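Me: Please take a close look at a single part of this structure, the sheet and what packs around it, and walk me through the pairing of its strands and the surroundings of one of its residues in a connected way.

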Amino acid sequence: MAFQFNFSIKENVENKLEALGDTDLLLGSAQDALRNQKGSTESKEVSSEEHATLQESLHAYKVAPGTADLVASCCPEPAEDENQNETLSKKQSCKVAREHNIPDNVDKVLENKVVEALSGLYHVNISVVEMTLSDGSHGEDIVSKSISSHSDLLPGVYEGGMKIWECTFDLIDYLSRAEIQFVNKTVLDLGCGAGLLGIVALKGKAEKVHFQDFNGIVIDEITLPNVMANCAGGDGSDDDNRAGEPTSKRLKKADCSPGLLSKCKFFSGEWSEFSQLLSSDGKLISKYDIILTSETIYNPDYYSALHDTLSKLLSKNGCVYLASKAHYFGVGGGVHLFEKFIEERNVFRTRTVKIIDEGLKRFIIEMAFKSSS
């Protein structure tokens, strides 16, 4: 799968460079459209070979550390204002976890949603969702805040769930090629965003699939609709889909399979709160056989909460499949730093099961308890 990097460079009166960038990851973004209105700049495409040259040029103008890497990578984009970013990082608001009920009238969930099909999966067009949420009148108001701050990440406010990040497709490909079995398994899609990983498990005849994301509005407007679209969407084997091109349609009726939907639960909130919610109510589930998570180790500040959540919710002989970039420029996390953290905690063993060395290096990591057989 090919990904394209776009960036713009503009010299200001103080002879510094301002780099604005984002990645085209299959789905368009209302944010992108608004960002492109800022200033009059020249744009060009950057290949991976030009990455080093770009960084040298930007560092020569004393651009803030990490900005050059951020521009030429698919990493989550931190807030432009460094002081604002620092303040938000310190606040780390505690977002209470809650379960999201599946509406009685499931037709309402997909009402006015544009659904696209790709690689056997259906997902709502996020550009359309963002446009409907951009007026700031819906719940958490993460879209207008993200747009106004020119950021894909607002720590403690919005954690990137409105986008489908690159490593999600890496992990989907690995699960298929490695023939990971989900039959009769209990599965958690942790930091689910669009929920595509959990949907793969659902299609693989998992016994239960639970979806968790930081933001409740992501669950309501993206994850839940995606699950319903796939419960109703057949096997995605139409001619356009086999050709590798996304197809679009507007579903007027969900027509969901009650059997599939009954296997699912949806949660939002902070990881520590989420694990506490499940631990305090044994009726929800005991432990998960498989936990799937993608692009969740970008911020080292979250490692402790992630580690504790995995250790509390994974079954004794369970397995975690984690997809990540080697390093997240501008935020500081990455595979090697996380593996070091895991090693120091001495609870899990890790194994690299796949390396994707195209563009920015990416990894698929398998985790299991050291005490497991």
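Reply: In this predicted model, strand β8 (residues 208–213) and strand β10 run parallel and are joined by five bridges, and within this pairing Phe211 stands opposite Phe266 of β10. Strand β10 also pairs with strand β4 (residues 98–100), here in the antiparallel sense and through three bridges, and Phe266 takes part in this pairing too, as the bridge partner of His100. Phe266 therefore has a bridge partner in β4 and a residue opposite in β8, with β10 lying between β4 and β8 in the strand order. Strand β10 itself, which spans residues 264–268, is mostly covered, since four of its five residues are buried.

These strands belong to an open sheet of eight, whose order is β4-β10-β8-β7-β11-β12-β14-β13 and whose pairing is mixed. The edges are formed by β4 and β13 (348–356), each of which has a single partner strand, so that one side of each is left without a neighbour in the sheet. From one strand to the next, the twist averages 20°.

Further along the order, strand β11 (residues 288–294) is joined to β12 by six bridges, and the two run parallel. One residue that helps to describe this part of the sheet is Ala323, which is placed in strand β12 (residues 314–325) and is the bridge partner there of Ser294. Ala323 counts as buried because its relative accessibility is 0%, where the cut-off for that class is under 20%. Leaving aside residues up to four places away in sequence, the residues that Ala323 touches are Cys167, Leu171, Thr293, Ser294, Glu295, Phe363 and Ile364. Its C-alpha atom also lies 9.0 Å from that of Glu366, although Ala323 and Glu366 are 43 residues apart along the chain.

The contacts of Ala323 can be read together with the elements around β12. Cys167 and Leu171, both touched by Ala323, fall within the range of helix α7 (residues 166–177), a helix that lies across β11, β12, β13 and β14 (362–369) and runs at about 130° to β12. Phe363 and Ile364, also among the contacts of Ala323, fall within the range of β14. A second helix, α14 (residues 335–345), lies across β12, β13 and β14, and its direction is at about 10° to β14.

A helix pair can be described in a similar way. Helix α12 (residues 271–280) packs with helix α13 (residues 303–313) at an angle of about 15°, their axes being 9 Å apart, which makes α12 roughly parallel to α13. The crossing of α12 past α13 is left-handed. On the α12 side the contact involves Trp271, Ser272, Phe274, Ser275 and Leu278, and these meet Ala305, Leu306, Thr309, Lys312 and Leu313 of α13. By residue class, the contact of α12 with α13 consists of six nonpolar, three polar and one charged residue.

For the chain as a whole, the secondary structure comes to 14 helices and 14 strands, and 53% of its 373 residues count as buried. Among the contacts between residues at least 6 apart in sequence, 73% join residues at least 24 apart.

Definitions and conventions:
Residues numbered from 1 in each chain as written. Predicted model: local features only at pLDDT ≥ 70, side-chain atom pairs only at ≥ 80, totals over all residues. Heavy atoms only, no water. Axes fitted to C-alpha atoms, helices over the stretch in contact; angles between N-to-C directions. Parallel < 35°, antiparallel > 145°, perpendicular 65-115°, else oblique. Left-handed = near helix turned anticlockwise from the far one by under 90°. Contact = heavy atoms within 4.5 Å. Nonpolar A, V, L, I, M, F, W, Y, C, P; charged D, E, K, R; others polar. Buried < 20%, exposed > 50% of the residue type's maximum accessible area, 1.4 Å probe, protein only. Pairing = 2+ DSSP bridges.
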